[in-house]
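Colleague: Could you take a close look at one part for me, the sheet and the charged pairs that sit on it? Walk me through how it is put together.

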Amino acid sequence: MDKILPGLAMLAVVAVVFVLLAVGWRNRLKRQSDVEQLPQVPAVPGEPTATAEGQYVATTTAGDWLDRIAVHGLGIRTNATLAVYPHGVLYERSGAPALYIPAASLSDVRQDSGMAGKFVEKHGLLVLAWTHGAHQLDTGFRTRRAADKDVLYQALQDLISSAPAAGATSGK
């Protein structure tokens, strides 16, 4: 009997923690309900200029590496393949919808050491800055092989420098 009560108390604490996590996630989804639907993935994207396997870390509000975007599956960390095309970037994510970012929406790429609960060595993450409607976003990706990071970084820099600026395409 003296082990049952502490066990039940611990179960109650765990249940309360899970309820609070669910309420917090639900409130985050409500706060971010103004984030528009994501761009459609091209049916036939063509041949990529660079590609690599790794981990999609998350999408956050630009400049706030802790403010994970929960809507549209953007807050789900998963294994992914990142492919750079002349028209944009495609994250093929396992267990989550694919994420396509048109080249005109891209504004910057940088190497960073962490975001939204994922921290690695200095310059271990590729962080892509982009505009989606009224939102400035950062999307993190960690390559599986270190050599792939430099190839992707260069391809992304080339794509951003050759694409029209995100604001220049808006008649929206």
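Modeller: Sure, and keep in mind that this is a predicted model. The part you're after is an open sheet of seven strands, paired antiparallel in the order 4-3-2-1-9-8-5. Strand 4 (99-102) and strand 5 (106-112) are the edges: each has a single partner strand, so one side of each has no neighbour in the sheet. On average, neighbouring strands are turned by 30 degrees against each other, direction ignored.

Now look at strand 1 (residues 50-61) and strand 9 (residues 135-143), an antiparallel pair joined by seven bridges. Ala58 sits opposite Gly140 of strand 9 there. Helix 2 (residues 146-162) packs on the sheet, and strand 1, strand 5 and strand 9 are among the strands it touches. The direction of helix 2 makes about 155 degrees with that of strand 5.

On to the charges: the count is four salt bridges. One of them pairs Arg144 with Glu53, at 2.9 Å from N to O. Arg144 is in the loop between strand 9 and helix 2 while Glu53 is in strand 1, so this pair ties together parts 91 residues apart in sequence. Glu53 is partly exposed, at 38% relative accessible area.

Over at Arg110, there are two partners to check. Asp112 meets Arg110 at 3.5 Å, N to O, and Asp138 has its closest N–O approach to Arg110 at 3.1 Å. Asp138 belongs to strand 9 and Arg110 to strand 5, so that second pair links parts 28 residues apart in sequence. Asp138 is buried at 5% relative accessible area, whereas Asp112 is partly exposed at 26% and Arg110 is partly exposed at 28%. Through shared partners, Arg110, Asp112 and Asp138 form one salt-bridge network.

Note on methods:
Residues are numbered from 1 along each chain as its sequence is written. This is a predicted model: local features need pLDDT of at least 70, side-chain atom pairs count only at pLDDT 80 or more; totals for chains, interfaces and linings use all residues. Side-chain values use heavy atoms; hydrogens and water are left out. Two strands pair if DSSP finds at least two bridges between them. Helices (H or I, at least four residues) and strands (E, at least two) are DSSP runs, numbered from the N terminus. Axes are lines fitted to C-alpha atoms, for helices over the stretch in contact, and angles run from 0 to 180 degrees between N-to-C directions. Contact means heavy atoms within 4.5 Å. A salt bridge is a side-chain nitrogen of Lys or Arg within 4 Å of a carboxyl oxygen of Asp or Glu. Buried means under 20% relative accessible area, exposed over 50%, partly exposed in between (1.4 Å probe, protein chains only).
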